Amino acid sequence: EARKVSGRPLVAHIHATEFDRAGSGANPTICHREWEGMTGADRIVANSHAPKRTCIERYQIPAEKIDVVHWGIDDVDSVPAARPRNFFAPRSGNSRRGKVPMVLFLGRVTWQKGPDYFIEMAGRVSRYVPEAKFVVAGQGDMLPGLIRRTAELGIADRVHFAGGVGGADVERLYQMADVCVMPSVSEPFGLVALESLRNGTPCVIPKAAGVAEVVNNAFKVDFWDVDAMTDQIVALIRHPVLRDELSQNGLAELKSPRFSLEEPARLTSESYRRALSTPAWS
């Protein structure tokens, strides 16, 4: 309607679709609304090749109509020189980590983000690193079931549900963690990975996530492969040299031009110009 009234081209930005959020339980009404918006748009900007494929395969949108613009991130130089001690580390001494490693999940506690795989991984990591603690920061409909599952696995004293967090608390959680895990079932991009790396914390990301298309210095795993995820987490906890190497290399990678905000801004501007140059508007 805005397109009709204004007489201007429409560019639709797609960060996630109903299929990403709900999988096989996708709401047909929402899917139809998304199809209408994308079909009516002159150009579509997707935040990685993963949602572009979804637009093509699920919504029959022509590939040539879709521009991919990976997200960037700012404040890359803001990681503090002295990282805060985590909640569980000994109060004496000057070691940030002490003998209590902390593994972080941060995001919506919903099917899309795969928090159930995080809990299963926590149960297995606990067999090898009994002192490890796991923090789930976020809210969502799966929370009650996850709490019950920690009790079934016998790790209720090791998994801490922080609820929703925001602002400076988000940055502090990243900085306290030894590793951040993003086990998303469907992740069109995955800004959590960039935020974690910006704070100097290694990240485990799904192979199929959009962020995996552009980030090299992170462990990549199939979201369903809890055994492989466990191996990666245990390795990062047990080998500080490996953890520090990933931390340093990840932070250095984010400082490249491709992750600056200028690059996605430039690509978005190009998409707008393409919309204006189509025969209907030029």
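This is a chat between a trainee and a mentor about a predicted model.

Trainee: Before we start, what kind of model is this?
Mentor: A predicted one, where local features need pLDDT of at least 70, side-chain atom pairs count only at pLDDT 80 or more, and totals for chains, interfaces and linings use all residues. Residues are numbered from 1 along each chain as its sequence is written, and side-chain values use heavy atoms, with hydrogens and water left out.

Trainee: Okay, the sheet. What order do the strands come in?
Mentor: The order is S6-S5-S4-S7-S8-S9, six strands in an open sheet with parallel pairing. Strand S6 (159-163) and strand S9 (219-221) are the edges, each pairing on one side only. From one strand to the next, the twist averages 25°. Strands here are DSSP runs of E with at least two residues, helices are runs of H or I with at least four, and both are numbered from the N terminus. Two strands pair if DSSP finds at least two bridges between them.

Trainee: And how many bridges join S7 and S8?
Mentor: Two, in the parallel sense, between S7 (residues 179-181) and S8 (residues 203-206). Valine 181 is opposite valine 204 of S8.

Trainee: Which strands does helix H7 touch?
Mentor: H7 (residues 168-176) packs on the sheet against S4, S5 and S7, and its direction makes about 145° with that of S4. Contact means heavy atoms within 4.5 Å. Axes are lines fitted to C-alpha atoms, for helices over the stretch in contact, and angles between N-to-C directions run from 0 to 180 degrees.

Trainee: Switching to H8: why is it largely enclosed?
Mentor: Because seven of the eight residues of H8 (residues 191-198) are buried. Buried is under 20% relative accessible area, exposed is over 50%, and partly exposed is in between, using a 1.4 Å probe and protein chains only. The cover over those buried residues includes S4, H7, S7, S8 and helix H10 (240-254).

Trainee: What follows H8?
Mentor: Glycine 200, with a positive phi near 80°.

Trainee: Nice. At what angle do H9 and H10 pack?
Mentor: About 100°, with the axes of H9 (residues 226-238) and H10 5 Å apart. That makes H9 and H10 roughly perpendicular (65 to 115 degrees). On the H9 side the contact uses Ala235, Leu236, Ile237 and Arg238, and on the H10 side Pro240, Leu242, Arg243 and Leu246.

Trainee: Last one: where does histidine 32 sit?
Mentor: Histidine 32 is in helix H3 (residues 28-40). Histidine 32 counts as partly exposed because its relative accessibility is 43%.

Methods. Parallel < 35°, antiparallel > 145°, perpendicular 65-115°, else oblique.
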